[in-house]
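Ready for some practice in reading a protein structure? Keep the model open beside you and try each task before you look at its solution.

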Amino acid sequence: MQPGSPTRASAAERDEHRTRSRRRGRGLSLPAVILVGGQGTRLRPLTERTRKDMLSLVDRPLLAYTFEHLRRHGVTKAIVSCGYLPTQIETHFGSAYGELALSYAVEDAPLGTAGGIRYAAAGLDGPFFALNGDSLREADLDELVRFHRETGARATILLTPVADPSRYGLVRLAGDGRVRQFLEKPRPEDIDTNLINAGLYVLEPDVLDLVPEGRAVSIEREVFPRLCERGEVFGLALPGYWLDVGTPSTYLQAHRDVLERSFRTELGDQLGSDYMLVDPSARVDPGARLVPPVVVGPNVVIDAGARVGSLAAIGAGARLGPDSVVENAVVGARTIVEERTSVIGSIVGQDASVGADCTVRGLAVVGPESVIGPANQLDHGLRVGAGIEIPAEAVRFS
Ligand code: GDD
Ligand code: MG
């Protein structure tokens, strides 16, 4: 579905709306624009068959966690801003995620982060959340909206501390929370704070007037710097989990955090205090061992002598052969791990198969639909592309 007509509310209407919503003092009902236009190149080969935001995180797409977060804070309407066709997203989620109504704004050509927001938010007449759909977070959005209203900001950026800000948007704050400077992808010599843009904003609709039409525009590189000069953008660091899921290493980290419940999720609540979730349709041989935290999806078959866990996520319909080992690892949906094969600290994509007597370790990534012949050793971050066949005994590292 396309968003509403591109004509936006007049300045007077917007002011009235702002006064009304300030009087109500509630941030709970703000709509959200979620950006999902990126390519996910650093996660190849996993993203060769699946969009980054639709990659499975334990048992549901990454994007589902963003929907959960918004829903938990009372958001009832989200517009998914798509730089290219959102077929996988629409097919999976349709028009709602529980009480969160979903619509899709599809750009003819990618418009950049600001252009995407402008296009998707065209029908909105009050403040709204805008956020990147490729990171995980659990910050208190009500607190962010309260701060936004108190300061009278045109834009408020959620901040989070990270060890290395170089891959993010660095945010320099003044004492009152005003953003002095926004530096996207700062050079090493510019890094003088650990606070970065966590990729979630509260925006007043007139911010969109700063976004030129007809070309791709970056909110980070073009809009925030201008708003900073005018002193109209504020930043607030809030406690709570935050992770940018951009690489195989952070993808595996995200799995660990969901399974260990250090990132609060609805799935984590279901895991309960025994940290084990085995779908009733799974067939686990009594001679197999499950070591929590572990999640075993629907229709999974686990044979005798297999050890699964700790920190294992087994996708729907996967099969783990006799005496196989899966530990601190992800096995995708419908993937087969043959007998005596171990997958440790690694990722095997969906619809793949790993033959008998293989070792997959050291953050190796097997792409979806790949077929690894018996007795191979994949290690040292080796990435096998999607749909690749590796013959028996073809790869070893020692
Ligand atoms: N609709 C739409 N159209 N969305 C887009 C487009 C586009 O043309 N280009 C990028 N996006 C989406 C991406 O899918 C992603 O969800 C978000 O916008 C940000 O783009 P990325 O390409 O992922 O940027 P980044 O990860 O390098 O940096 C961003 O995120 C960091 C936090 O993870 C910036 O916002 C940084 O400032 C921030 O620190
Ligand atoms: Mg990103």
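The exercises below work through this predicted model, from confidence and domains to single residues.

**Exercise 1. Confidence**

Task: Find the average pLDDT of the protein, and find stretches where the pLDDT is under 50.

Solution:
- Step 1. Begin with the whole protein: its pLDDT averages 92, and 93% of the residues score at least 70.
- Step 2. Now look at residues 1-11, where pLDDT stays under 50. For this stretch the model has 22 contacts beyond four places in sequence.
- Step 3. Move along to residues 17-27, where the pLDDT is also below 50. Here the model has 17 contacts beyond near neighbours in sequence.

**Exercise 2. Domains**

Task: Which residues belong to domain 1 and which to domain 2?

Solution:
- Step 1. The domain assignment places residues 11-250 in domain 1 and residues 272-390 in domain 2.
- Step 2. Taken over C-alpha atoms, the centres of domain 1 and domain 2 are separated by 34 Å.
- Step 3. Where the domains are in contact, domain 1 gives eleven residues and domain 2 gives 16 residues.

**Exercise 3. The two sides of a helix**

Task: Work out where the buried residues of helix 6 fall when you look down its axis.

Solution:
- Step 1. Helix 6 spans residues 219-229, and its buried residues are Ile219, Glu220, Val223, Phe224, Leu227 and Cys228.
- Step 2. Down the axis, these residues fall within an arc of 135 degrees, so they line one face of helix 6.
- Step 3. Turn to the face that points away from the buried side: Arg221 and Glu229 are exposed there.
- Step 4. Next, see what the buried residues pack against: helix 4 (112-120), strand 9 (155-161), strand 11 (179-184), strand 12 (195-203) and strand 13 (233-237).
- Step 5. Finish with Gly231, which follows helix 6 and has a positive phi, near 70 degrees.

**Exercise 4. Rings that meet**

Task: Decide how the planes of Phe67 and Phe93 are arranged, using the cut-off that over 60 degrees counts as edge-to-face.

Solution:
- Step 1. The structure has nine aromatic pairs.
- Step 2. In the pair of Phe67 and Phe93, the ring centres are 4.9 Å apart and the planes stand at 80 degrees, so this is an edge-to-face pair.
- Step 3. The pair links distant parts of the chain, with Phe67 in helix 2 (residues 62-72) and Phe93 in helix 3 (residues 87-93), 26 residues apart.
- Step 4. Check the accessibility: Phe67 is buried at 0%, and Phe93 is buried at 7%.
- Step 5. Try Tyr168 and Trp242 in the same way: with ring centres 5.6 Å apart and planes at 75 degrees, the pair is edge-to-face.
- Step 6. Tyr168 is in the loop between strand 9 and strand 10 (169-173) and Trp242 is in strand 14 (residues 242-244), so the pair ties together parts 74 residues apart in sequence.

**Exercise 5. A residue and its surroundings**

Task: Is Val308 buried or exposed, and which residues does Val308 touch?

Solution:
- Step 1. Locate Val308 in strand 20 (residues 307-309).
- Step 2. Buried means under 20% relative accessible area. Val308 has 1%, so Val308 is buried.
- Step 3. Leaving out residues up to four places away in sequence, Val308 touches Arg289, Leu290, Val291, Val294, Ile302, Ile314, Leu320 and Val326.

Note on methods: Residues are numbered from 1 along each chain as its sequence is written. Chains are lettered from A and ligands numbered from 1 in the order in which they are written. This is a predicted model: local features need pLDDT of at least 70, side-chain atom pairs count only at pLDDT 80 or more; totals for chains, interfaces and linings use all residues. Side-chain values use heavy atoms; hydrogens and water are left out. Buried means under 20% relative accessible area, exposed over 50%, partly exposed in between (1.4 Å probe, protein chains only). Helices (H or I, at least four residues) and strands (E, at least two) are DSSP runs, numbered from the N terminus. The arc is that of the directions from the helix axis to the C-beta atoms. Contact means heavy atoms within 4.5 Å. Rings of Phe, Tyr and Trp (its six-membered ring) pair if their centres lie within 6.5 Å; planes under 30 degrees apart count as stacked, over 60 as edge-to-face and the rest as tilted. pLDDT is the predictor's confidence in each residue, from 0 to 100. Domain bounds come from an automatic or database domain assignment.
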